[in-house]
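Student: Could you help me learn to read helices and domains from a model? I would like to go feature by feature.

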Amino acid sequence: MLKAKREAPPSAGRGGIKKELPEHFKDYRHVWVFIELERGEVHPVSFELLGEGRKLADKLGIQLAGIVLGPPGDATQHAVAEAFAYGADLVYLVEAPLLADYRNEPFTKAMTDLVNAHKPEILLLGATTLGRDLAGSVATTLLTGLTADCTELDVDVDGSLAATRPTFGGSLLCTIYTLNYRPQMATVRPRVMAMPPRTDKPVGHVIRHKLSMTEEEIITKVLGFNLDRQSAKANLAYADIVVAGGLGLGSAENLQLVTNLARAIGAEYGCSRPLVQKGWMPADRQIGQTGKTIRPKLYIAAGISGAIQHRVGVEGADLIVAINTDPNAPIFDFAHLGIVTDAIRFLPALTEAFTRRLSPHSHDKLAS
Amino acid sequence: MHIVVCIKQVPDSAQIRVHPVTNTIMRQGVPTIINPYDLFALEEALRLRGAHGGEVTVLTMGPPMAEDALRKALTYGADRAVLLTDRCFAGSDTLATSFALSRAIVRIGETFGAPDIVFAGKQTIDGDTAQVGPGIAKRLGLLQFTYVAKIASIDLDAREITVKRRSEGGMQMLKSRLPCLITMLEGTNEIRRGSLDDALRAARSQIVKWSAAEAGIEDLTKCGLRGSPTVVKRVFAPTTRAEKATQIDMTDKTQHGVADELIAAIFTRQPALEHELAFDGGQ
């Protein structure tokens, strides 16, 4: 497919990558970020996107808008205020009781109506279950391009959005353009972009828009919502310390060595993709492009070779420690500290050493 | 009931290699498989057929060799397989793909009966976009349920369906109407071992093959490269960091000695961690 694209003859319409934006798209302006509000909480990925959106808007000399869709009430007003605090110049707000729970029909309607009325140049959404459900519907309704799971967003010399994402299961990266359609849409997974600083910027210009839909027109009804148990698994993406195991651990039983270390230092634990495929760990523990992206202060990878699909999920970590028997494993290309040894033997030693060092007793001794 | 399951033939990603010099994908000899996420959709469809009766049609768009994936789906027990194949689909992005598949589903409906449910996998392992399912739903005006963990009930007479759908912080219970499009969450079921009868039938079965024209697609500007708003401008290998990991030497040291050395190195680089760990860790 990629090859076919490269060899496209000029007669294919876009001359490969020539930009000829149709007249009716030329007044599309400004960068929009969807502020994902679900069950009263703004998903942090929305703020990460405001940080990226700010950079794009500044480069293009245009404005950054937050898009808030929600029910009337404090939670929605809070989302509006937070959008400004994280950098939005203005907010488009659709407030309606039938936006209380996420449903594809009213959210798609609200978003596409907003786009058609106010014409953004770029529209960014978080690649969450909600954002992906919505983005696909909105892009198809608008018949525009959508690039999923971007790891880098930039604008090129002629002002087009250059959206870079892993391809072929994460073995290569590709840069994708939406040349002749607007808005240019992209999704970004949580934690892929850094959290921008929060400021005390007051609430600014809010443009309200009505939802032209009634509850009777919506076929899907929400019967209930079962909150996930407050297990630690939901916190992996936002954990400060993460320990993960890979195929180098040799067996499902040896994953205990990872969880033991994690418990000793108050870390979250995860694994690389092959372990999920083998059924050694549940899918919500997978770290990498198709699993969770993490940005911890410390990441310890044990027996993980470091394929690109894994690498793009952990590169945001402040400090990466790799333990692997193979000195040529790609993980040593992006880890900061490396140890060429068998993780099965080393992990217990490391757990013990951490425990010794961190016990209050020995800590006092060290401090004195 | 009639169920259509959209599948995709993908390279077995575990065996993809990148050419070290040219940075191109070395596809030669890489075996293909049915996109693993699609198997959860197929199994769910087969279970529904078991409970409610009816037929399961599998559909794919791809080159002629995608027939292998369809034949494999037949061995699991699908009743019929449709291959949408035409050079004009080459270079399709997700928007163009959802257009072509949605036209083929309309033609399947006209030929074999209107589907009650269209299934797709959550995403593919080669593209990972999760966009084609929602795209098909929108094009066909079907109600859309992505990341479905469980189909709680189906009432064919009342045309009602209730599903449990994964959301960020929990599970949504939704009640809606047929026909609809569902993308199944992974791990929700396990693909059955096909029976010997199914294997024999799959080997003998005639795969329905449609060109764009045969699928009723007249507007070729919506297909392939021309119908794709997105353009891949550049494919490249990620740059490596200038400096490699600082290796902690193991020579003549015990595992415990190296562990202490590693911890010291961690705290040297991240001094704040030691303080945080002393209070939060070691519970």
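Tutor: Happily; we will look at a helix, a helix pair and then the domains, keeping in mind that this is a predicted model.

Student: What span should helix α5 of chain A have, and how far apart are its end C-alpha atoms?

Tutor: The idea is to multiply a rise per residue along the helix and compare. Helix α5 of chain A covers residues 129-142, and at 1.5 Å a residue its 14 residues should span 20 Å. The end C-alpha atoms of α5(A) are 20 Å apart, so expectation and model agree.

Student: How many residues of α5(A) are buried?

Tutor: Of its 14 residues, 13 are buried, so to speak a mostly covered helix. Just after α5(A) comes A:Leu143, with a positive phi near 55°.

Student: At what angle do helices α3 and α4 of chain B cross?

Tutor: For a pair, look at the axes. Those of α3(B), residues 94-112, and α4(B), residues 132-140, come within 8 Å and cross at roughly 55°. An angle between 35 and 65 degrees counts as oblique, and therefore α3(B) and α4(B) are oblique to each other. Their crossing is right-handed. Residues making the contact include B:Phe99 and B:Ile105 of α3(B), and B:Ile136 and B:Leu140 of α4(B).

Student: Which domains does chain A have?

Tutor: Chain A is divided into domain 1 (14-217) and domain 2 (232-358). Their C-alpha centres lie 33 Å apart, and each domain gives ten residues to the contact.

Student: And what is the domain assignment of chain B?

Tutor: Chain B is assigned domain 1 (2-222) and domain 2 (240-283), with 48 Å between their C-alpha centres.

Note on methods: Residues are numbered from 1 along each chain as its sequence is written. Chains are lettered from A and ligands numbered from 1 in the order in which they are written. This is a predicted model: local features need pLDDT of at least 70, side-chain atom pairs count only at pLDDT 80 or more; totals for chains, interfaces and linings use all residues. Helices (H or I, at least four residues) and strands (E, at least two) are DSSP runs, numbered from the N terminus. The expected span of a helix is 1.5 Å times one less than its number of residues. A residue is buried if 20 or more other C-beta atoms lie within 10 Å of its own, exposed if 12 or fewer, and partly exposed in between; C-beta atoms are placed from the backbone. Domain bounds come from an automatic or database domain assignment. Axes are lines fitted to C-alpha atoms, for helices over the stretch in contact, and angles run from 0 to 180 degrees between N-to-C directions. Angles under 35 degrees count as roughly parallel, over 145 as roughly antiparallel, 65 to 115 as roughly perpendicular and the rest as oblique. A crossing is left-handed if the near helix is turned anticlockwise from the far one by less than a right angle, and right-handed if clockwise. Two residues are in contact if their C-beta atoms, placed from the backbone, lie within 7 Å.
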